[in-house]
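Subject: Structure handover and findings

Hello,

Here is the structure I said I would pass on. Please look it over before reading the notes underneath.

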Amino acid sequence: MTLGEDEYFVMGDNRTNSKDSRDPSVGPVKESQIYGKGVFVLYPFSSFGLK
């Protein structure tokens, strides 16, 4: 899948029951559709922890 400049590939957290960008009904997500704030960094390990 090739993404546009403002598109993101999103993945669900439940492999058998989540819909994500692999599902044609979801597809790539535009940056304008994303909202929220990350509160925990897993990678890169040098930044691991709560933010």
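The notes below go through the salt bridges, one aspartate, a surface patch and a peptide bond. Please keep in mind that this is a predicted model.

Salt bridges

The structure contains 3 salt bridges. D6, E7 and K30 are joined in a network of such bridges. In the D6 to K30 pair, the closest N and O atoms are 3.8 Å apart. D6 sits in the segment before strand 1 (7-8) and K30 in strand 2 (residues 29-30), so this pair ties together parts of the chain that are 24 residues apart in sequence. E7 also forms a salt bridge with K30, and there the closest N and O atoms are 3.6 Å apart. That pair again links distant parts of the chain, with E7 in strand 1 and K30 in strand 2, 23 residues apart.

As for exposure, D6 has a relative accessibility of 32%, so D6 counts as partly exposed. K30, at 36% relative accessibility, is likewise partly exposed.

The side chains of D20 and R22 also meet in a salt bridge, at 2.6 Å from N to O. Are these two residues buried or exposed? D20 is buried, with a relative accessible area of 3%, whereas R22 is exposed, with a relative accessible area of 54%. The cut-offs behind those words are under 20% for buried and over 50% for exposed.

Surroundings of D20

D20 is located in the loop between strand 1 and strand 2. Setting aside residues up to four places away in sequence, D20 touches V10, M11, G12, V26 and G27. With G12 there is a specific distance to note: a polar atom of the D20 side chain lies 3.4 Å from the backbone nitrogen of G12. If you inspect one residue by hand, D20 has both this approach to G12 and the salt bridge with R22.

Nonpolar surface patch

Which residues form the nonpolar patch on the surface? They are V39, F40, L42, Y43, F45, F48 and L50, and together they have about 880 Å² of accessible area.

Two members of the patch can be described further. F48 is placed in the loop between strand 3 (40-41) and strand 4 (49-50). Its relative accessible area is 49%, so F48 is classed as partly exposed; the cut-off for exposed is over 50%. L50 belongs to strand 4. With a relative accessible area of 71%, L50 is exposed.

L50 is in contact with V39 and F40, leaving aside its neighbours within four places in sequence. For the L50 and V39 pair, the C-alpha to C-alpha distance is 5.7 Å, while the two residues are 11 apart in sequence. Both V39 and F40 are also listed in the patch.

Cis peptide bond

The peptide bond from Y43 to P44 is cis, with omega near 10°. P44 is found in the loop between strand 3 and strand 4, and F48 is placed in the loop between these strands too. Y43 is one of the patch residues. If your setup script handles peptide geometry, please check how it treats the bond from Y43 to P44, which is cis here.

Regards

Notes: Residues numbered from 1 in each chain as written. Predicted model: local features only at pLDDT ≥ 70, side-chain atom pairs only at ≥ 80, totals over all residues. Heavy atoms only, no water. Patch = residues over 30% accessible without salt bridge, like charges linked within 9 Å, V, L, I, M, F, W, Y side chains within 5 Å. Areas by Shrake-Rupley, 256 points an atom, 1.4 Å probe, with all protein chains shown as cover. Salt bridge = Lys/Arg side-chain N within 4 Å of Asp/Glu carboxyl O. Helix = DSSP H or I, 4+ residues; strand = E, 2+ residues; numbered from the N terminus. Buried < 20%, exposed > 50% of the residue type's maximum accessible area, 1.4 Å probe, protein only. Contact = heavy atoms within 4.5 Å. Polar contact = N/O pair within 3.5 Å; in protein donor to acceptor, adjacent residues only side chain to side chain.
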